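Colleague: I'm new to this structure and would like a close look at a single part of it. Could you pick one strand, walk me through its setting, and then work outwards from there?

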Amino acid sequence: MTVTERTPLRLGSTAPDFEAETTQGKINFHNFIGDSWVVLFSHPADFTPVCTTELGEVARLKDEWEARNVKVIGLSANGLDSHQDWIKDINEVNSVDLKFPIIADADRKISTLYDMLDYQDLTNLDNKGIPFTIRSVFVIDPKKSIRLTLSYPASTGRNFDEILRVVDSLQLGDKNRITTPSNWQKGGKVIVHPSVSNDEAAKIFPGFETVTPYLRFTTLPTQ
């Protein structure tokens with residue numbers, strides 16, 4: 001798919017491929033994904049206060065991403081020189097060493113491809129009148145399938161602990177026939193998948209708890 005083509009992106013859609021210049025060199029997105037999970041997240045512009053705190057937090061969580069085989073990649077609607085200068089501020093303000101790539105998307109081609117542009121805040125424009133991006137998040141699995149989408153308004157910073165929680169849930173569900181309940185945290189009770197019969201559940205999840213015929217809890221030995 002080229003950046004001039006755009007179809008609605010839904011959960012389960014293949015993440016559109018693209019080539020882009022980043023702060024760590026030119027990439028082909030699907031090659032960048034490789035066999036990893038990826039969190040792609042966008043920013044309205046460089047040298048903005050909320051974005052500066054967000055990128056610092058993502059850099060601070062480096063060990064958490066690596067533990068989950070997750071690559072993170074940012075996108076902002078400015079050029080590479082601006083990005084590189086901004087990274088210096090991010091590192092200083094947050095006392096971090098930002099190592100992940102940030103895509104240069106001044107022409108909004110990738111933002112358009114992923115439907116990241118702001119149509120709510122009519123003041124969120126650059127000096128040419130082109131909309132900046134909202135705070136979009138895409139979690140993409142190693143099969144290049146979109147597993148989560150989130151859209152935050154430009155005024156609201158993202159909760160990256162929640163994104164880590166969702167990655168934990170998705171990865172656990174891919175390995176086991178379970179789903180996760182409201183406010184689930186790693187190590188907590190999980191739900192036996194509705195497709196698993198009670199006879200199967202007795203073998204797979206011995207001692208599972210039945211609350212209703214359709215709600216059965218269990219714990220996993222290791223998460």
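Modeller: Here is a walk that starts at strand β6 and then moves out to the rest of the chain. Keep in mind that this is a predicted model. For orientation, the protein has 223 residues, 48% of which count as buried, and its secondary structure comes to 7 helices and 11 strands. Among contacts with a separation of 6 or more, 62% are between residues 24 or more positions apart.

Let's zoom in on β6, residues 135–140. Is this strand enclosed or not? 6 of the 6 residues of β6 are buried, so the strand is largely enclosed by the rest of the structure. That holds on both faces: R135, V137 and V139 sit on one side, S136, F138 and I140 sit on the other, and all are buried.

Take S136, which is found in this strand. What does S136 touch, once you set aside its neighbours within four places in sequence? The list is L40, F41, S42, M116, L150, S151 and R158. S136 has a relative accessible area of 2%, and anything under 20% counts as buried, so S136 is buried.

Now look at the strands paired with β6. With β3 (37–43), β6 pairs in the antiparallel sense over 4 bridges, and there V137 is the bridge partner of F41. With β7, which covers residues 146–152, the pairing is also antiparallel, over 6 bridges. In that pair, R135 stands opposite Y152. β6 and β7 form a hairpin with 5 residues between the strands, and K144 there takes a positive phi near 70°.

From here you can step into the largest nonpolar core, which has 27 residues. β6 and β3 each supply at least two residues of this core, and so do α2 (49–60), β4 (70–76), α4 (80–94) and α6 (160–175). The largest share comes from α6, with 6 residues. V39, F41, W65 and F100 are the members that touch the most others. V39 is a good one to click on: leaving out residues up to four places away in sequence, V39 touches W65, V70, K71, V72, I73, V137, F138, V139 and I163. Apart from this core lies another one, of 19 residues, among them A20, F29, I33 and I103. As a general point, nonpolar side chains in soluble globular proteins tend to be buried together.

Two of the helices that feed the largest core also meet each other. The axes of α2 and α4 come within 9 Å and cross at roughly 70°, so these helices are roughly perpendicular to each other. On the α2 side the contact is made by C51, T52, T53, L55, G56 and R60, and on the α4 side by W86, I90, V93 and N94. Those residues divide into 5 nonpolar, 4 polar and 1 charged.

For a contrast with β6, try β1, residues 19–22. Here the side chains alternate: A20 and T22 point to one face and are buried, while E19 and E21 point to the other face and are not. β1 runs antiparallel to β2 (residues 25–28), joined by 4 bridges, and E21 stands opposite K26. The two strands form a hairpin with 2 residues between them.

There is also an open sheet of 4 strands, in the order β8-β9-β11-β10, with antiparallel pairing. β8 (178–179) and β10 (209–212) stand at its edges with a single partner strand each, so one side of each has no neighbour in the sheet. β8 pairs with β9 (residues 190–192) over 2 bridges, and T179 stands opposite I191.

Finally, a couple of loop residues deserve a click. N69 is not a glycine, yet has a positive phi of about 60°; N69 lies in the loop between α3 (62–67) and β4, and is partly exposed at 40% relative accessibility. D115, also a residue other than glycine, has a positive phi near 55°. You'll find D115 in the loop between α5 (109–113) and β6, where D115 is partly exposed with a relative accessible area of 44%. That loop brings us back to β6, where the walk began.

Definitions and conventions
Residues numbered from 1 in each chain as written. Predicted model: local features only at pLDDT ≥ 70, side-chain atom pairs only at ≥ 80, totals over all residues. Heavy atoms only, no water. Core = buried A, V, L, I, M, F, W, Y, C linked by side-chain atoms within 4.5 Å. Buried < 20%, exposed > 50% of the residue type's maximum accessible area, 1.4 Å probe, protein only. Contact = heavy atoms within 4.5 Å. Axes fitted to C-alpha atoms, helices over the stretch in contact; angles between N-to-C directions. Parallel < 35°, antiparallel > 145°, perpendicular 65-115°, else oblique. Nonpolar A, V, L, I, M, F, W, Y, C, P; charged D, E, K, R; others polar. Pairing = 2+ DSSP bridges.
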